[in-house]
Amino acid sequence: MKKAILPRALAAIALGSASLFAMTAAQAKEITIWCWDPNFNVAIMKEAGAIYAKTHPDVTFNVVDFAKADVEAKLQTGLVSGVTDSLPDIVLIEDYGAQKYLQSFPGSFEPMTGTVDYSKFAPYKVALATVEGETYSMPFDSGVTGLYYRKDYIEAAGFTPADMQNLTWDRYIEIGKTVLEKTGHHMLGLDPNDAGMIRIMMQSGGEWYFTEDGDLNISGNAALKAALETEAKILQSGIAKPAAGWSNWVGTFTSGDVASVITGVWITGTVKATLDQENKWGVAPIPTLDIPGAVAASNLGGSSWYVLSSSDVKSEAVDFLNEIYGKDVDFYQKILTGQGAVGSLMEARNGPAYAVADPFFGGEKIWQNFADWLAMVPSLNYGIFTNEVDAAVASQLPPLGKGGSVDDALAAIEAQARSAIQ
Amino acid sequence: MDLYFQRLRGGLVYLFLITAAFLSIFPFLWMVLGATNTSADISRGKFGLGGALFDNIVSFLAFADVPLILWNSLKIALLTTLFTLAVASIAGYGFEIFRSRLRDRLYRVLLLTLMIPFAALMIPLFIMMGKLHLINTHWAVILPSIGSAFIIFYFRQSTKAFPLELRDAARVDGLKEWQIFLLIYVPVMRSTYAAAFVIVFMTAWNNYLWPLIVLQSNDTKTITLVVSSIASAYYPDYGAVMVSAILATLPTLIVFFLMQRQFVQGMLGSVK
């Protein structure tokens, strides 16, 4: 008799708790979405949900926000364990990690090739989420890059905004030296332990850490070599103010310290938050690498939406994404104005928000420019192990800055990458 | 001359202690000062009081249902602590007091489980919780932490100081075994309980990885998850992050200061 009490008590606790704490069984048409950044992705998804719900009153949305690394950990656990009812219906995945999930968990994500008209999107955003002819993503925000520069510092050094157009990296470094000499301001902030700049330059050269077939592409990668050489020149020229980590790097330009920033379009909101610098900024295309086929457009970061195959409302989820993100030009105007998000739907650029001349940038139509550059970003296969190779590249940047040889760095990156991805 | 050296030594000791104290307190100071500054000032590295405390609190309150989140954390931490203390103290008491052939073998196996990293248990545990339909419930966070080998170990070590004469006297007086535990052992060992309370409460409150994996919706989240989520924005509102960090730290500080004396006593051994 005594022995039976404990299991019964436990069972009672378990049952009681299940009814007390368990989420009530999802209503017929609730779409659950996991994403990160309350001010950006979460706010945008809530906006999208509100628009869709107007014409589909039977569908409700549950947008849950976790940190990016947390979304990845939860998604990974759910997929590995096979406990699919723990997974959301739609999840946001960073573009660099897309192939990893698609190839490691075949059948877990819903292909949308038949539903979505992918020809309307920036080609590189579609390519990165395509496996064996099937595309699995609703392409979302773009990290199309630009060269943000301080007109006042440039002019104080004797240059004009026209001098900032169509730059090569060598010319950029030259201007940087003059600016530093004449104004005392560094040309850019640079975290010597972060490989973001290398990725920007490499993609503008049309190559990545992996070939189209997914093989490691280091020693014969002309774009990567040129990027490392350029980064070494920048580090050695002294035009870069070293930054330690993200917030420190952001501080280099929000404080008015440096004369330019080369990064993804998503930084625009942060630049514009420095109200005391109104009218002092301009935006130009990024400098081009000195190799055949290099363009003045690239990408940094960005992410896309995916529908889980295990979802019991997947047809609603796909329809929702297609109706809003796949067609609604007005929606893209709203999120551009509200969150500064540049989507990947090409026709969105024809909307009024993209045509606005931004007073902060002295009346430049920066969104039109970014939309132009977006179409030029080279398409690549980001592969499964971008983050692993990226760490190998980052570890070689400090020696490069001290005058180390680029060929040695490439060899070291190749060796470290091979051991990391085996 | 001796006096001179003594003073010099005293001075050096104080210098060392002041440096160490400063290093421990600095992050707290930074957190508190940060909560009063704007995000831009914080990333600029401003060190001083600012006027943005109210704005930061408002933006944090807008970000999450703060009372609910704090209640979730508190509920999980308190229930985990109560259950853990109950289970672990009985186990520790049993391991030390009752002799059996298997006792020490079992105990060794128990201690071995301390060496298994949690990451290795995560997937099987997640599958278990999935089968029990406990995912996204607070019980999924509480249940796996109850059988804490470390706290059982701690109770067994402390029980070594429990005078067996007390137990024998109680037996002579006709108390049953469970009565001896409840009426004699628990009151005598209260400092041990207090110390264990502080340890388990803090661990449960600060627990991050497991709640992150099993809690799925905004209304079941704990404060640690909210801090992580708010800090992960592309351009975080550092002021609000600092406010959330203060709220996440405060309860453990309060518990620790309230129970500081008992904690130290418990660490030194309950029975004098």
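This tour moves through a predicted model of chains A and B, with a selection to make at each stop.

**Stop 1. The two chains together**

Select the residues at which chain A and chain B touch. Chain A contributes 33 residues to this contact and chain B contributes 31 residues. On the side of chain A, the elements that supply two or more residues are α1 (2-21), α2 (38-55), β2 (60-65), α3, α10 (246-254) and α11 (268-272). Of these, α3(A) gives the most, with 7 residues. Colouring this side of chain A by residue type should show 16 nonpolar, 12 polar and 5 charged residues.

**Stop 2. A helix crossing between the chains**

Now select helix α3 of chain A (residues 68-81) together with helix α6 of chain B (residues 118-131). Two packed helices are described by the angle between their axes and the distance between the axes. Here the axes come within 10 Å and cross at roughly 70°, which means that α3(A) is roughly perpendicular to α6(B).

Show the side chains at the crossing. From α3(A), the participants are Thr77(A), Val80(A) and Ser81(A). They meet Met122(B), Ile123(B), Phe126(B), Ile127(B) and Gly130(B) of α6(B). By type, the residues of this helix contact comprise 5 nonpolar and 3 polar, with no charged residue.

**Stop 3. Annotated spans of chain B**

Stay with chain B and select residues 70-259. An unreviewed UniProt entry places the feature "domain: ABC transmembrane type-1" on this span. The span is 76% helix and 0% strand, and its end C-alpha atoms lie 21 Å apart.

The UniProt annotation "transmembrane region", also from an unreviewed entry, covers several stretches of chain B, including residues 107-127 and 139-157. Select residues 107-127: the end C-alpha atoms are 27 Å apart, and the stretch is 76% helix and 0% strand. Select residues 139-157 next: the end C-alpha atoms are 29 Å apart, with 89% helix and 0% strand.

**Stop 4. Two histidines in one loop of chain B**

Follow α6(B) into the loop that leads to α7 (139-146) of chain B, where His133(B) is found. His133(B) has a positive phi of about 60° although it is not a glycine. With 13 other C-beta atoms within 10 Å, His133(B) is partly exposed.

His138(B) also lies in the loop between α6 and α7 of chain B. Is His138(B) buried or exposed? His138(B) is buried, because 23 other C-beta atoms lie within 10 Å and the threshold for a buried residue is 20 or more. A distance drawn from the C-alpha atom of His138(B) to that of Thr159(B), 21 residues apart along the chain, reads 32 Å.

**Stop 5. An enclosed helix in chain A**

Move to chain A and select helix α8 (residues 196-204). All of its residues, 9 of the 9, are buried, so α8(A) is largely enclosed by the rest of the structure. Among them are Arg199(A), Gln203(A) and Ser204(A), as well as Met197(A), Met201(A) and Met202(A). To see what surrounds the helix, display β6, β7 (188-190), α9 (222-237), β9, β11 (299-307) and α16 (386-401) of chain A, against which its buried residues pack. Gly206(A) follows α8(A) and has a positive phi near 80°.

**Stop 6. A strand pair beside it**

Select strand β9 of chain A (residues 260-264). Here 5 of the 5 residues are buried, so this strand too is largely enclosed by the rest of the structure. Add strand β6 of chain A (residues 137-150), which pairs with β9(A) in the antiparallel sense over 5 bridges. Within the pair, Thr145(A) stands opposite Gly264(A) of β9(A).

**Stop 7. Two loop residues of chain A**

Centre on Met112(A), in the loop between α4 (98-104) and α5 (123-127) of chain A. Which residues does Met112(A) contact, leaving aside its neighbours within four places in sequence? They are Thr135(A), Tyr136(A), Met138(A) and Val318(A). Met112(A) is buried, with 22 other C-beta atoms within 10 Å. The C-alpha atom of Leu180(A), 68 residues away along the chain, is separated from that of Met112(A) by 51 Å.

Finish at Asn166(A), in the loop between α6 (151-156) and α7 (169-183) of chain A. Asn166(A) is exposed, with 12 other C-beta atoms within 10 Å. Its phi is near 50°, a positive value in a residue other than glycine.

Conventions:
Residues are numbered from 1 along each chain as its sequence is written. Chains are lettered from A and ligands numbered from 1 in the order in which they are written. UniProt positions are given in the numbering used here, feature names are shortened, and annotations may be inferred rather than shown by experiment. Helices (H or I, at least four residues) and strands (E, at least two) are DSSP runs, numbered from the N terminus. Axes are lines fitted to C-alpha atoms, for helices over the stretch in contact, and angles run from 0 to 180 degrees between N-to-C directions. Angles under 35 degrees count as roughly parallel, over 145 as roughly antiparallel, 65 to 115 as roughly perpendicular and the rest as oblique. Two residues are in contact if their C-beta atoms, placed from the backbone, lie within 7 Å. Ala, Val, Leu, Ile, Met, Phe, Trp, Tyr, Cys and Pro count as nonpolar, Asp, Glu, Lys and Arg as charged, and the others, Gly among them, as polar. Two strands pair if DSSP finds at least two bridges between them.
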